[in-house]
Amino acid sequence: MFDILVYLFENYFDTGNCPDPATLTRKLSMAGFDDEEITLALDWLSDFSGQDANRYPAGLAESNSIRYFTPQEMEIIDTEGRGFIHFLEQAGVINPLQRELLIDRVIRMDGDTSSLEKIKLVVLFDLWIQNQLTDRNIVERLFVVSDSHYRH
């Protein structure tokens with residue numbers, strides 16, 4: 001699924017939107033992706049755009065509480081990934097509500113890709129869906145600057 005999401009971002013970022021699900025399924029099949037993977041990715045994307053923020057308290061976006069990860073979350077999101085989520089929150093890129101949605105989405109992703117790479121992809125999709133990605137330079141600055149800041 002991760003590879004499909006990367007493919008979608010790389011191929012549809014410049015156009016501003018993805019084709020309808022039927023067309024997208026056909027194009028992904030033609031690109032060589034497995035039907036099961038395509039279904040998983042499209043289901044994930046439909047959940048993603050559903051914005052299930054209603055599951056969380058209304059004031060969570062303005063909260064300044066400390067977030068502790070559950071043992072299950074720590075199995076899926078490694079130390080580097082948790083550190084990056086913390087960095088994004090401290091830098092003001094995401095608020096606590098967006099953090100919770102980010103964690104939910106990363107947990108629902110499958111594959112052997114590192115949690116850091118999954119987190120970056122989820123953040124990119126979130127910004128893209130919200131039309132906050134207008135320029136590739138923003139993407140490069142966000143992740144190059146954050147990676148160098150995070151490592152020091």
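At 54% relative accessibility, Asp-35 counts as exposed. The cut-off for that label is over 50% relative accessible area. Asp-35 sits in helix α3, which covers residues 35-50. The model is predicted, and this aspartate is a handy place to enter it.

Asp-35 has company. Together with Asp-34, Glu-36, Asp-110 and Asp-112, Asp-35 makes up a negative surface patch. Take Asp-112 next. Asp-112 belongs to the loop between α6 and α7, the latter spanning residues 115-129. Asp-112 counts as exposed because its relative accessibility is 84%. Now look for Phe-2. Asp-112 and Phe-2 are 110 residues apart along the chain, yet their C-alpha atoms are separated by 8.9 Å.

Step back to the whole chain. The secondary structure amounts to eight helices and zero strands. Read from the N terminus, the order is α-α-α-α-α-α-α-α. The chain has 152 residues, and 41% of them count as buried. About 8700 Å² is exposed, with carbon and sulfur atoms supplying 50% of that area. Contacts also reach along the sequence. Of those between residues at least 6 apart in sequence, 69% join residues at least 24 apart.

Now go inside. Ile-103 lies in helix α6. Its relative accessible area is 0%, so Ile-103 is buried. Which residues surround it? Setting aside neighbours within four places in sequence, Ile-103 is in contact with Arg-67, Phe-69, Glu-73, Ile-77 and Ile-85. For Ile-77, the C-alpha separation from Ile-103 is 8.3 Å, across 26 residues of chain.

Two names in that contact list carry charge: Arg-67 and Glu-73. Start with Glu-73. Glu-73 is part of helix α4, residues 71-76. Is Glu-73 buried or exposed? Glu-73 is buried, because its relative accessible area is 9%, and the cut-off for buried is under 20%. Leaving out residues up to four places away in sequence, Glu-73 touches Arg-67, Tyr-68, Ile-103 and Ile-107. So a buried acid has both an arginine and isoleucines among its contacts.

Side chains of opposite charge can pair when their charged atoms come close. Arg-67 and Glu-73 do form a salt bridge, and their closest N and O atoms are 2.9 Å apart. The whole structure holds four salt bridges.

Another of these bridges joins Glu-89 to Arg-99, again with 2.9 Å between the closest N and O atoms. Glu-89 lies in helix α5 (residues 79-90) and Arg-99 in helix α6 (residues 96-108), so this pair ties together parts that are 10 residues apart in sequence. Both Glu-89 and Arg-99 are buried.

Arg-99 has a further partner. Its side chain meets that of Glu-100 in a salt bridge, at 2.9 Å from N to O. Glu-100 is buried, as is Arg-99.

How do these charged residues fit together? Arg-67, Glu-73, Glu-89, Arg-99 and Glu-100 are linked in a network of salt bridges. Follow the network in the structure from Arg-67. Glu-73 is its partner in one bridge. Arg-99 bridges to Glu-89 and also to Glu-100.

Compare the two acidic settings. Asp-35 and Asp-112 belong to the negative surface patch, and Asp-112 is exposed at 84%. Glu-73 is buried at 9% and belongs to the salt-bridge network.

Key
Residues are numbered from 1 along each chain as its sequence is written. This is a predicted model: local features need pLDDT of at least 70, side-chain atom pairs count only at pLDDT 80 or more; totals for chains, interfaces and linings use all residues. Side-chain values use heavy atoms; hydrogens and water are left out. Helices (H or I, at least four residues) and strands (E, at least two) are DSSP runs, numbered from the N terminus. Buried means under 20% relative accessible area, exposed over 50%, partly exposed in between (1.4 Å probe, protein chains only). Contact means heavy atoms within 4.5 Å. Accessible areas come from the Shrake-Rupley method with a 1.4 Å probe; for residues, only the protein chains shown count as cover. Patches are made of residues with over 30% relative accessible area and no salt bridge: like charges are joined within 9 Å, nonpolar side chains (Val, Leu, Ile, Met, Phe, Trp, Tyr) within 5 Å. The place of a charge is taken as NZ of Lys, CZ of Arg, CG of Asp or CD of Glu.
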